[in-house]
Amino acid sequence: MTQTYDRTALFALARDLLAGAGLPPDKAETVAELLIQTDEIGVTTHGISMVSYYLPELAKDLMTKEGTHEVLSDKGVCLLWDGNYLPGHWVMTQALQTCMTRAAEYGMAAMAIRRSHHIGCLSALTRIAAEKGYVCYIATSDPSGQWVAPYGGCEPLLTPNPWAVGYPGKDHPVLIDTCASITTLSKVREHINSGTEFAHPWMLDGDGHATTDPTVINQTPKGSILPVGGADHGHKGFAMGLMVEMLTQALAGHGRVESPTRWGANVFLQVMDPAAFGGREAFVAQVEHLSEACRASRPIDQARPVRIPGDRAAVAADRARRDGIALPDEVLTRIRACAAEAGLAFPEPR
């Protein structure tokens, strides 16, 4: 079940919860805004839902409240930052602005970031650059996390290692957002919180047997999330996971070698300006031609025509602007508890 809420009210609640936990106003507003934008495009696992996970981090000083990132290297087109475990949404807005400015000058820019905190939904971030006409690639991993076993192994070692590409289209950006694991940690938590199993065997128990039970990650021996391809073709997801960890940790010069224990994010960000290549108009013409050809493909199920990544996000954003933001009960239960603990009123549904 879902209930629909006014955007302004949800933003104010997220901002006030974060500010009440000690985030300065500018950081609280930036994080809250991106969380609500994430809910607007329908990714409710990474929207205001994340506040319930961020508040304990702030309370324990595991998410840095004050200060800014450190520039460790700046070679014009290539940069390395240390995020100092600051809020990932805030770090990424600074990083995106820097890379877009450099891409406008040089045609492209790339940045590795070590020791940011969690950066949230990648589509919400690539969308920022894509709406300004840029091609944007983001990959992230957590060197402290062990949730995905290498293909052929039983013991979790990697994180889900999401990556995303956003690029401009005619009516809305194309937003490709996926990960090297067959599902996300947030989805696993969602199923655990709601007491439901997956529809498909996307998990691996501690003895190496595929299962639909999400709770195997809390059992002994610890289970794991299967890589993309599952038990059959998981070597593909495993290879993808290695690629993401190389880009986010090896290029950053910081990762599993240092054995960090704090929840964090290493990031690889690349921004490209089509104007520096074949031109922005030609770029949009090419991607739109392909997108329309895909949409026109005769569907297997007439009720489910072919979609391009970003189509559903655009529809969800339009619906949210018109009707308000729909949140599932699982999210509402946790955020209501956060509001009650903080002594804040929870908004009424529309």
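**View A. Surroundings of T38 in helix α2 (residues 25–40).** The position of T38 falls within α2, where helices (H or I, at least four residues) and strands (E, at least two) are DSSP runs numbered from the N terminus. This is a predicted model, in which local features need pLDDT of at least 70 and side-chain atom pairs count only at pLDDT 80 or more, whereas totals for chains, interfaces and linings use all residues. Residues are numbered from 1 along each chain as its sequence is written, and side-chain values use heavy atoms, with hydrogens and water left out. T38 has a relative accessible area of 0% and is therefore buried, a term that means under 20% relative accessible area, with exposed over 50% and partly exposed in between (1.4 Å probe, protein chains only). When its neighbours within four places in sequence are set aside, T38 is in contact (heavy atoms within 4.5 Å) with V43, H46, G47, C121 and A124.

**View B. G120 in the loop between β4 (108–116) and α5.** G120 counts as buried because its relative accessibility is 10%. Not counting residues up to four places away in sequence, G120 touches H46, Y54 and H89. L72 lies 48 residues from G120 along the chain, and the C-alpha atoms of G120 and L72 are separated by 23 Å.

**View C. Packing of helix α4 (residues 88–106) with helix α5 (residues 122–130).** The axes of α4 and α5, which are lines fitted to C-alpha atoms over the stretch in contact, come within 11 Å and cross at roughly 30°, on a scale that runs from 0 to 180 degrees between N-to-C directions. α4 is therefore roughly parallel to α5, where angles under 35 degrees count as roughly parallel, over 145 as roughly antiparallel, 65 to 115 as roughly perpendicular and the rest as oblique. The crossing of α4 and α5 is right-handed, a term used if the near helix is turned clockwise from the far one by less than a right angle, with left-handed for anticlockwise. On the α4 side the contact is made by M92, L96 and M100, which meet L125, I128 and A129 of α5. The residues of this contact between α4 and α5 comprise six nonpolar, no polar and no charged; here Ala, Val, Leu, Ile, Met, Phe, Trp, Tyr, Cys and Pro count as nonpolar, Asp, Glu, Lys and Arg as charged, and the others, Gly among them, as polar.

**View D. Helix α4 along its length, with A95.** α4 has 19 residues, and from its first C-alpha to its last it reaches 26 Å, close to the expected 27 Å, a span given by 1.5 Å times one less than the number of residues. Among the buried residues of α4 are W90, V91, C99, R102 and A103. A95, which is also found in α4, counts as buried because its relative accessibility is 0%. Outside the residues up to four places away in sequence, A95 touches W81, M111, I113 and L269. A95 and A112 are 17 residues apart along the chain, and their C-alpha atoms are separated by 9.5 Å. Just after α4, G107 takes a positive phi of about 100°.

**View E. Contact of helix α3 (residues 51–59) with helix α10 (residues 329–342).** The axes of α3 and α10 come within 9 Å and cross at roughly 40°, so the two helices are oblique to each other. V51, S52, Y53 and L55 of α3 meet R334, I335 and C338 of α10. In this contact of α3 with α10, five residues are nonpolar, one is polar and one is charged.

**View F. Backbone geometry at D61, N161 and the T220–P221 bond.** Most residues other than glycine have a negative phi, and most peptide bonds are trans. D61, in the loop between α3 and β2 (70–74), has a positive phi near 60°, and with a relative accessible area of 53% D61 is exposed. N161 lies in the loop between β5 (135–141) and β6 (162–167) and has a positive phi of about 55° although it is not a glycine; at 0% relative accessibility, N161 counts as buried. T220 and P221 are joined by a cis peptide bond with omega of about 0°, and P221 is placed in the loop between β9 (210–211) and β10 (224–225).
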